[in-house]
Each structure stands twice: as C-alpha cells, then as structure tokens.
Amino acid sequence: MFKLFILFFATIVTVQALAADLIITCDVTAIEKDGAKSTYKKRYEIDLEPHYFKIFVDKGTGFRQIGDGFPHSINEVRITLISDGTTNEYYERKTNKYYYINNTTGFEENGSCTKDNKKADLLSLQPDLTVS
C-alpha cells in the first residue's frame, strides 16, 4: 500500500512539474513576401522559471512540435520570444495578439490568441525577465 502511495505521489509531482506556466493558442494568418496568405493554429507553452518555451503548429492534422527555445524577454505587457535584429516574434499579453516578422525573407504572421490555462491569469504581474 505504501509503495502504491509513493508511486501515485511521484506521478502527481511529475505531471505538475511538466505543466507550462502559460499556454496560448493563436489563430494565425501567415503572409508570404508575394502576398500569398495561409491560416493555421499555433500553440505556445511558456515556462517562466526556468525561462523556456515550446512551439506547436496545427495545419489541419493536429498539433505537432516545431521548435523550442529561451524567450528574449518577459514582462507584464509582452512576451518576446525572438528579437535578434532579423526576426521578431512576440505575444502582447494585454491584447492577446501574436506577431512574427522576418525582415530578411519578408514573411509575417499575426493572429489573435486565447489563454488555455487558468494559471496564466495569476502571472499577469510578473516582473521583467529580460535575457541579457
């Protein structure tokens, strides 16, 4: 019985440790340099401590992971995933809008997002967590 309790407790702790602090799902419109448009969904699972995110895309066959990384900065207004002089990718926390711009290729994405977890509402006052 004791071994069963330990196994159950370990399972709960593991599941809680794997849960992201913020999960957002966005209805995205992609715009190619030539003006061609396509639509799909993107999901971001963002951990604030440690600072880490995973990206998933669904183009009609279900979500699959396409990338991960360390966010550039996080504050109460914006989560900047990438800002490297060529590419900017960010989520506006107050308006629930998503933007991706690649200045080299001319490719852009934008969309409206929804928060998929209640924990996200508790994180609205996080301090600035800029990566140097």
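1. Surface first: the chain exposes about 8400 Å² of accessible area (Shrake-Rupley method, 1.4 Å probe), and carbon and sulfur atoms account for 58% of that. Keep in mind that this is a predicted model, where local features need pLDDT of at least 70, side-chain atom pairs count only at pLDDT 80 or more, and totals for chains, interfaces and linings use all residues. Residues are numbered from 1 along each chain as its sequence is written, and side-chain values use heavy atoms, with hydrogens and water left out.

2. On burial, 36% of the 132 residues are buried (under 20% relative accessible area, 1.4 Å probe, protein chains only).

3. Now the layout. The chain has two helices and nine strands (DSSP runs: H or I of at least four residues for helices, E of at least two for strands, numbered from the N terminus). Reading from the N terminus, the order is α-β-β-β-β-β-β-β-β-β-α.

4. The nine strands make an open, antiparallel sheet, ordered β4-β3-β2-β1-β9-β8-β7-β6-β5 (strands pair if DSSP finds at least two bridges between them). At its edges sit β4 (64-69) and β5 (73-74), each paired on one side only. Strand β3 (residues 51-58) runs antiparallel to β4, with five bridges between them; Phe56 faces Gln65 in β4.

5. There is one disulfide (cysteine sulfur atoms within 2.5 Å). Cys26 and Cys113 form it, with their sulfurs 2.1 Å apart. Cys26 is in β1 (residues 22-31) and Cys113 in β9 (residues 108-115), so the link ties together parts 87 residues apart in sequence. The link is right-handed, at 100 degrees about the S-S bond, and both Cys26 and Cys113 are buried.

How values were computed:
Buried means under 20% relative accessible area, exposed over 50%, partly exposed in between (1.4 Å probe, protein chains only).
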